[in-house]
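Grab your viewer and work through these exercises with the model open. Each one has a task, then a solution in steps.

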Amino acid sequence: MDFGRVVVDWLKAIEVCGRLPYAETGLAPGPTLLEKEVFPRYHIGESLLSGTSDLMKKIGVFDKVERDGYTKKWGVEWLWGSSGKSWTVYFKDALAMPNDYGYQVERAEFDHLLLTNAAEHGVEVVQQATVIDPLCDANGRIVGVSFRNADGSMTRSNARYIIDASGQGGFLSKKFNQITWDEKLRNMAIWSYWKGARKQPGLDEGNTFLPAFQDGWWWFIPLRGDRTSIGAVIDRDKLDEAKEVGFQEYYRRAIARTPALAARLEGATQIDEVRFLRDWSYRYDRFYGDGFLAVGDAACFIDPLFSTGVHLAMLAGYVAAVTVNTILDGVTGATEHELQQFYQRQYEAEYLRLKDQVYFLYSGHESDETTYFWKARSQFGVMNLEPKRAFVSLIAGAFEHRSWYSRYLNQLEVPGHLREIFEGRFSGQYARDDVIKPDRPIAQSTDWNVVDDFAIDGRHLRRGKTIMFSDGRQVAYDEVTREIIDLADGSRRFGQIVTDLGRRVSSPEAKLRAQLEKAITYGIVTCV
């Protein structure tokens with residue numbers, strides 16, 4: 001796909017996008033990426049969601065990832081809750097997944113692949129370029145950056161638009177926007193690498209293993225060449241204890257206090273030093289500013305429980321690409337601010353959905369509620385938290401993953417009143433076992449309005465419509481949804497609507513049924 005002016009690598013870099021004055025900068029005209037380091041370089045965050053495959057296809061790297069033989073992850077094995085037994089969730093059990101598997105990747109090689117892909121798409125990549133300051137015009141708009149080259153010389157580079165992909169450093173975000181830290185997710189990660197760790201047999205060999213223990217939880221990520229990434233996410237307050245005994249000793253003791261993990265490391269060898277990193281969750285109030293967009297960790301960061309870092313960064317990069325193309329080409333007649341707000345709504349909605357999933361899992365591990373780590377992260381223990389409101393974005397965003405959530409409900413200690421809310425959303429008058437009885441008449445609900453918005457159309461945004469609920473939820477108002485609303489007159493039943501949809505819309509019946517179920521689950525239409 002041609003992303004025009006926007007760089008297609010979005011990890012740990014400042015991206016300077018636009019047509020640069022070649023004589024002034026010495027750089028070729030076109031999009032330019034300024035990377036502080038030299039690739040390949042080490043980076044943590046090795047487990048990719050299966051949904052990331054769709055984004056990799058859009059930017060043309062999926063086949064290369066397949067070719068390079070990265071470990072395939074078909075699911076996640078959890079040792080979570082009070083049962084003391086592990087259980088596995090497979091990606092194939094979720095609806096609307098583009099792939100049945102994700103990948104475990106060595107980030108040095110994977111990120112280098114993305115950087116190379118950017119260059120192959122016409123990006124001027126400048127490594128060992130340290131960005132020093134933004135360049136602003138008389139009105140305070142960002143119009144470029146100054147940066148230090150590898151030889152120490154300074155360059156001032158103008159740009160029509162800037163993408164801040166500087167990670168947790170938040171080069172522009174820190175200067176122009178306000179950060180909010182999530183006090184419930186003040187975490188620290190401590191990890192190393194092992195050879196000879198015991199993996200599960202067969203298809204499960206590449207699965208992530210996530211056992212909980214008193215101080216937090218572990219990741220066990222099988223990589224290529226009998227190498228395994230093993231790390232713990234613990235509370236930030238444990239840092240002093242780790243410093244006192246030494247990070248290596250704390251790491252070893254923590255493994256010993258997790259029998260299921262220790263068993264898999266019998267006879268294995270630690271082959272790298274112990275590393276640690278602050279893992280606090282946060283987000284900025286704006287994911288943009290005058291002349292720039294922020295992507296990835298430069299906009300927000302979430303607890304690594306669901307391996308969402310790369311997914312969010314690539315999703316943000318994709319939406320930022322079409323947003324900036326639209327701003328620069330002026331194809332919609334919309335203002336820059338309107339398009340920036342669309343970008344933030346799309347990115348923030350996914351961030352909040354994934355954050356709710358993290359809260360859901362932390363709150364379902366009650367066997368260690370007496371310990372600080374788990375008690376501090378239990379959102380369900382807050383009695384003044386209105387349950388329906390707390391769950392609404394989780395449920396609305398989880399339709400395609402409802403079988404996934406059902407599996408977790410069977411394994412976790414979710415309080416009864418919240419379990420009832422959750423199950424009531426996906427069963428009873430809605431869907432049970434993904435099937436709605438064909439004799440149920442369906443009518444439009446009244447808790448939403450259709451509002452003007454934008455939609456992605458190739459390499460640009462176009463004017464579109466969105467369904468906006470009174471509680472802030474949003475659903476795309478596409479052709480099928482429009483026809484479902486028109487047919488839901490209170491007399492037609494489920495089966496009749498599916499049949500009539502087939503006459504109006506060219507699409508497989510199974511897909512039409514799924515979209516009608518989705519409309520019911522979101523509350524666009526309701527069974528009466």
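**Exercise 1: a helix and its surroundings**

How many residues does helix α4 have, and what distance does it reach from its first C-alpha to its last? Then work out what covers it.

Before starting, some housekeeping: this is a predicted model, where local features need pLDDT of at least 70, side-chain atom pairs count only at pLDDT 80 or more, and totals for chains, interfaces and linings use all residues. Residues are numbered from 1 along each chain as its sequence is written, and side-chain values use heavy atoms, with hydrogens and water left out.

Step 1. Helix α4 covers residues 107-120, which makes 14 residues. Helices here are DSSP runs of H or I with at least four residues, strands are runs of E with at least two, and both are numbered from the N terminus.

Step 2. End to end, α4 reaches 19 Å, close to the 20 Å expected at 1.5 Å a residue. The expected span is 1.5 Å times one less than the number of residues.

Step 3. Check burial (buried is under 20% relative accessible area, exposed over 50%, partly exposed in between, with a 1.4 Å probe and protein chains only). The buried residues of α4 include Phe110, Leu113, Leu114 and Asn117. An α-helix has 3.6 residues a turn, so residues three or four places apart point the same way.

Step 4. Look at the cover: the buried residues of α4 are covered by elements including β2 (32-35), α3 (62-67) and α9 (309-329). After α4 comes Gly122, with a positive phi near 95°.

**Exercise 2: two more helices**

Compare the end-to-end C-alpha distance with the expected span for α17 and for α9.

Step 1. Helix α17 (residues 509-522) has 14 residues that should span 20 Å, and its end C-alpha atoms are 20 Å apart, so the two agree.

Step 2. For α9, 21 residues should give 30 Å, and the end C-alpha atoms do lie 30 Å apart.

Step 3. Now burial: 19 of the 21 residues of α9 are buried. In α17, the buried set includes Leu512, Leu516 and Tyr522.

Step 4. Check what follows each helix. Gly523 follows α17 with a positive phi near 90°, and Gly330, just after α9, has a positive phi of about 60°.

**Exercise 3: strand partners**

Which strands join β23, and over how many bridges?

Step 1. Strands of a sheet pair through backbone hydrogen bonds, either parallel or antiparallel. Two strands count as paired if DSSP finds at least two bridges between them.

Step 2. β23 (residues 441-444) runs antiparallel to β27 (residues 489-493), with two bridges. Ala443 has Asp489 as its bridge partner in β27.

Step 3. β23 also pairs with β28 (residues 525-527), antiparallel, over three bridges. There, Ile442 is matched with Cys527.

**Exercise 4: an open sheet and its aromatics**

Why is one side of β12 and of β22 left without a neighbour in the sheet?

Step 1. Write down the strand order: β12-β19-β22, an open sheet of three strands with antiparallel pairing.

Step 2. β12 (179-181) and β22 (300-301) stand at the edges, each with a single partner strand, so one side of each has no neighbour in the sheet.

Step 3. β12 pairs with β19 (residues 282-284) over three bridges, and Trp181 has Tyr282 as its bridge partner in β19.

Step 4. Trp181 and Tyr282 also belong to one aromatic cluster, along with Trp280, Tyr284 and Phe301.

**Exercise 5: ring geometry**

How many aromatic pairs does the structure hold? Classify two of them.

Step 1. There are 20. Rings of Phe, Tyr and Trp (its six-membered ring) pair if their centres lie within 6.5 Å; planes under 30 degrees apart are stacked, over 60 edge-to-face, and the rest tilted.

Step 2. Tyr101 and Tyr103 have centres 5.6 Å apart and planes at 85°, an edge-to-face pair. Tyr101 is buried at 11% relative accessible area, as is Tyr103 at 1%.

Step 3. Phe287 and Tyr347 sit 5.3 Å apart, centre to centre, with 65° between the planes, so this pair is edge-to-face. It links distant parts of the chain: Phe287 is in the loop between β19 and β20 (288-289), while Tyr347 is in helix α10 (residues 336-363), 60 residues apart. Both Phe287 and Tyr347 are buried.

Conventions: Contact means heavy atoms within 4.5 Å.
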